[in-house]
Amino acid sequence: MKTNKAYFFLLPAGVFFVVFTLTPIIMMGALSLFETNYITSEFVGLRNYIDALTSPDFRQSIVNSLFYCVFTITLGTFVPLAVALTAYRYSNAYRDIVRFAFYVPSLASGVVIANAWKWIFDCRKGLANYLLSVAGIEPVMWWGHQVTAIGIISLIVVNLWMGHWIILYLAVLTTVRKEVVDSARIDGANWQQIQTKILIPLISPWVLFIMLLEIISTFQIWENIYLLTSGGPANTTATVVYNIYETGFLRSQYGTASARSVILVVIVLGLALAKNRLEKRN
Amino acid sequence: MKYLIFALILILLFPLYWMIIGSIQPSAGVMKLPPNWIPRNITLVNFAYIVKETMIFRWTFNTIMLNTISLCIQLFCLVTAGYAFAAYKFVGKQVIYWIFVASLIIPWQGLLVSRYILMRHLYLLNTWFAIIALNAFAPISFVFIRNYFEKIPTSMIDSARIDGAREIRILFQIILPQCKPILGYLALHSYLTAFQDFFWPMLVLNDKRLFTLPLGIVHFLKTFTSTHGLLMHQQLLGYELAGGVLLLLPAIIIFVIFRKTFRQQFLAGGIKA
Amino acid sequence: MLKRKLAISILALLLLVSFAFAGGQGEKGKITLFVATTVDIMIPRDGYITQPFLTENPNVKLEWVPINIADASTIGMDARIASGLPVHFYHDYMSRAGKFAVPKTEENQAIWALDLSKYIDDLDDYMPGVLDPFWKDGKIYTIPNASLIVGQLLNLSVMKKAGYKPPPVEEWTLEEFVKCAQKTKAAQIPDIYATLMFAENRSGDWMYMGWLSSFGAQLFDGGDYSKTIIDSPEGLKVFEFWKALQNTGFIPYDAAVMNDDHAIEYRNAGRLAVMGDRAADFNSPIYQQSLIDSGMIKEPYQTAFYPYPKGPTVEKTPMVTSYELTVAFDVGTEEEKAAAARLVWHFTNTTTQTYQCNVLSKFPTRKSVADVDQAWWREVKALLMANGTLDVGGNLGCYDGIRGAMFPQLQKLFIGKASPAEAVKLYAEALNKVLDEDQ
């Protein structure tokens with residue numbers, strides 16, 4: 001009897017999910033076995049999958065995405081954490097400012113923000129190279145090398161997510177009762193110890209959870225690549241989703257796009273499960 | 001450390017500063033590299049043009065209205081599904097959870113055309129419901145608050161059941177009040193992000209009176225050159241930035257008004273009994 | 001209890017309201033045409049096309065479908081076709097509309113364009129050669145209009161500052177261009193370059209494809225679209241020339257990360273001696289004044305429009321042309337098809353093209369567009385007749401893929417990852433792949 005009731009409660013969410021998410025997913029899966037631009041269609045079986053796995057561009061995009069992963073997780077884990085821990089020590093007003101300042105960029109139009117960053121790293125007139133020249137360093141063609149281009153885009157993307165994470169971390173931190181922290185202080189602990197023994201263990205489940213979301217999201221970075229590098233110097237900054245967009249949408253090859261999306265799910269699910277295993281071991 | 005953060009904030013807010021000072025100058029003040037740090041020729045002509053030529057007030061109203069309806073349905077679905085996961089053991093719990101996670105991975109671009117076909121056959125094209133339906137159950141919000149629901153001690157629920165309370169009553173009278181902070185957070189977040197999503201509305205809405213604000217502004221910018229000729233292209237940048245400011249403004253206003261919501265402890269270490 | 005009822009009834013009300021916010025339904029007695037264009041035809045000011053049409057056909061209602069406005073893909077059209085809701089009429093740039101106007105295979109084609117020769121009877125008013133690429137087996141599926149003709153825009157004011165006097169148009173050779181570039185570079189005016197190349201994205205490639213003509217290079221062998229012939233000595237010379245432009249500093253050294261926005265900005269601001277660009281009335285006082293008003297320039301500049309310079313081995317330099325295409329689809333009732341074809345005519349007739357030429361600076365495709373007070377386009381027309389057009393595959397369905405094949409290789413060239421010889425081979429490979437997929 002209990003079990004039936006559960007399904008009853010799942011119904012509203014379930015209906016929407018099945019109709020508007022699951023059904024399109026199944027349609028997409030079916031589509032991946034065809035080559036189609038919706039005007040002419042041809043059943044090709046697994047050819048789209050084999051093409052994808054042997055295509056140098058697609059494989060390059062997987063490699064690129066892993067680069068992005070590394071960059072965004074490094075930046076996206078430590079920086080928000082540091083900011084939240086610092087803001088925790090100060091007043092509500094300070095925290096409000098921090099929350100606002102970091103969150104607001106994510107509310108602005110991606111196009112405008114991308115254009116601004118594009119100028120900052122412009123070769124001849126950008127702010128970055130100007131600062132370098134003041135310091136006596138040679139200018140760098142920021143958008144012309146894979147590592148720097150991916151680095152900048154990761155920066156922009158983390159910039160957009162950071163506000164959200166900082167708000168979350170602060171929310172968790174504020175659940176710590178004041179007495180606990182105060183008694184630790186009285187016992188002679190300094191800030192470092194408070195951080196490592198009390199606060200960080202409290203946040204760590206959330207940090208790991210957010211890392212999972214970050215992994216999923218880095219493979220899906222699309223808008224900034226479209227606006228800034230079009231896949232980058234010789235296709236070295238394209239993520240998997242950007243590659244799907246290029247091959248599937250610009251050329252109207254929807255079968256290919258669907259097959260590559262399925263491959264993407266397999267890859268990322270694999271990464272997510274691997275991450276879970278690692279966590280369980282620790 | 002405190003000052004490092006201020007420096008970081010300055011860098012990260014720079015693009016917004018650039019956008020604001022660009023929108024109040026006539027176009028080329030923007031194009032100059034390096035830009036004028038202090039704006040010259042301050043003028044509101046970019047904003048005036050957009051207000052005159054487009055229906056932005058209607059679009060802003062549309063966006064808020066659309067999001068409110070979306071939100072009500074979304075919260076309803078989230079709370080009921082969350083309760084199902086928290087209060088029951090049932091077959092397929094883990095599987096369903098992982099299906100939700102997997103659905104996050106699929107890029108929305110891949111599902112675009114399939115969803116469009118679906119909407120067509122459900123006669124939902126060119127209606128708001130096409131947009132609402134997609135936001136109604138967001139797996140990411142669910143995955144996010146599932147943790148929250150799991151921390152509710154089942155003892156509380158069991159004791160209520162033993163007392164003979166009906167399930168729905170448990171849900172509404174015991175669980176729901178405890179969830180207010182996080183629901184408040186999700187609500188706020190949904191409004192703030194409603195001012196960015198334009199791709200799907202662009203696909204399904206034909207009638208300009210139904211547009212949301214981001215869609216309306218993108219549409220105005222993109223049809224500008226085709227409508228006004230190539231030689232007027234340089235005015236476009238000013239309008240882009242003004243459009244950006246107009247998109248940001250409602251979101252900032254909402255954020256400032258409801259900032260206390262973010263101060264709440266909406267991520268519980270535990271729930272106060 | 002009451003609260004709950006209230007909540008539920010509010011929810012139901014909101015749901016009902018959401019259904020109410022639906023688009024308008026069709027009116028009785030009228031046929032509705034779904035029109036997809038990049039222009040916002042619903043703005044009264046732009047009714048210069050639709051007003052005459054609606055006056056002529058009072059029983060037709062136009063429902064405008066805004067599509068493909070956010071990016072370069074045709075997702076809007078594809079989605080509509082996929083869901084069985086094709087539009088009746090489509091107007092868009094060549095690289096997008098071409099996908100739908102050029103039928104691929106005899107069988108299995110879900111949506112066909114109408115054979116417009118059955119509906120439009122003044123097809124002979126089009127300039128010679130304009131319609132030729134679009135005829136297929138005696139049928140024509142699309143009418144091009146609002147073309148852009150690409151040549152080189154010479155900024156006479158910059159040249160004056162650099163101390164270079166350009167020759168008359170017939171004597172514009174590669175040698176002269178190099179002289180001009182050297183003088184511009186030697187003058188060392190801050191932030192002024194001889195010309196611009198860019199490789200960051202696929203957009204704007206029409207601004208530099210004209211260089212192929214300077215060296216006599218061709219993408220295709222006279223209408224044979226099964227493979228490309230760019231991998232030839234002439235093709236190699238083009239890539240070597242582009243690399244030389246970078247090496248000698250005639251173009252900014254970061255060409256690999258510049259795009260068409262930079263090109264347009266530099267051109268508008270009068271910072272280039274020479275730039276590949278479309279023919280338009282850049283000397284018009286209105287245009288120059290708008291540039292001054294927006295602060296881009298301090299004083300007006302003079303321009304001249306020449307075809308690309310002639311290399312030592314060529315007599316004339318075919319010009320790149322690009323069109324907007326109008327397509328009527330073979331869907332719906334006979335009435336709807338006839339109305340859609342009629343709309344094609346209105347989009348491309350003499351009145352419309354005259355307006356577009358005068359006001360929007362678009363180059364007409366009809367001979368009868370003569371009542372135009374623009375002297376500049378008469379000169380351009382003469383140049384086009386003299387030099388002919390360069391075939392860049394614009395009439396192919398896969399034109400967008402063809403465009404996408406160039407910029408990665410150009411980028412590799414400019415960042416030094418590929419030598420000119422390697423770059424031209426990579427380009428040929430990429431092109432052939434696109435052409436193969438299209439067969």
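**Contacts and domains in a predicted model**

Colleague: How many residues of chain B are in contact with chain A?
Modeller: In this predicted model, 59 residues of chain B are in contact with 63 residues of chain A.

Colleague: What makes two residues count as in contact?
Modeller: Their C-beta atoms, placed from the backbone, must lie within 7 Å. The 59 residues of chain B and 63 of chain A are counted on that basis.

Colleague: Which element gives the largest share of the side of chain B that touches chain A?
Modeller: α1(B), with 10 residues. Elements that give two or more residues include α4 (56-87), α10 (167-194) and α13 (236-257) of chain B.

Colleague: What classes make up that side of chain B?
Modeller: It has 45 nonpolar, 8 polar and 6 charged residues. Gly counts as polar here, so any Gly would fall outside the 45 nonpolar residues.

Colleague: What share of chain A counts as buried, and what makes a residue buried?
Modeller: The share is 48% of 282 residues. A buried residue has 20 or more other C-beta atoms within 10 Å of its own, so each residue in that 48% meets this cut-off.

Colleague: Which elements does chain A have?
Modeller: Chain A has 12 helices and 2 strands. From the N terminus, one α comes before β-β, and α elements follow.

Colleague: Where are the domains of chain C?
Modeller: Domain 1 spans 29-146 + 324-384, and domain 2 spans 149-320 + 391-438. Their centres, taken over C-alpha atoms, are 29 Å apart.

Colleague: How many residues of these two domains are in contact?
Modeller: 17 residues of domain 1 of chain C are in contact with 15 of domain 2 of chain C. The domain 1 side divides into 10 nonpolar, 4 polar and 3 charged residues.

Technical notes. Residues are numbered from 1 along each chain as its sequence is written. Chains are lettered from A and ligands numbered from 1 in the order in which they are written. This is a predicted model: local features need pLDDT of at least 70, side-chain atom pairs count only at pLDDT 80 or more; totals for chains, interfaces and linings use all residues. Helices (H or I, at least four residues) and strands (E, at least two) are DSSP runs, numbered from the N terminus. Domain bounds come from an automatic or database domain assignment. A residue is buried if 20 or more other C-beta atoms lie within 10 Å of its own, exposed if 12 or fewer, and partly exposed in between; C-beta atoms are placed from the backbone.
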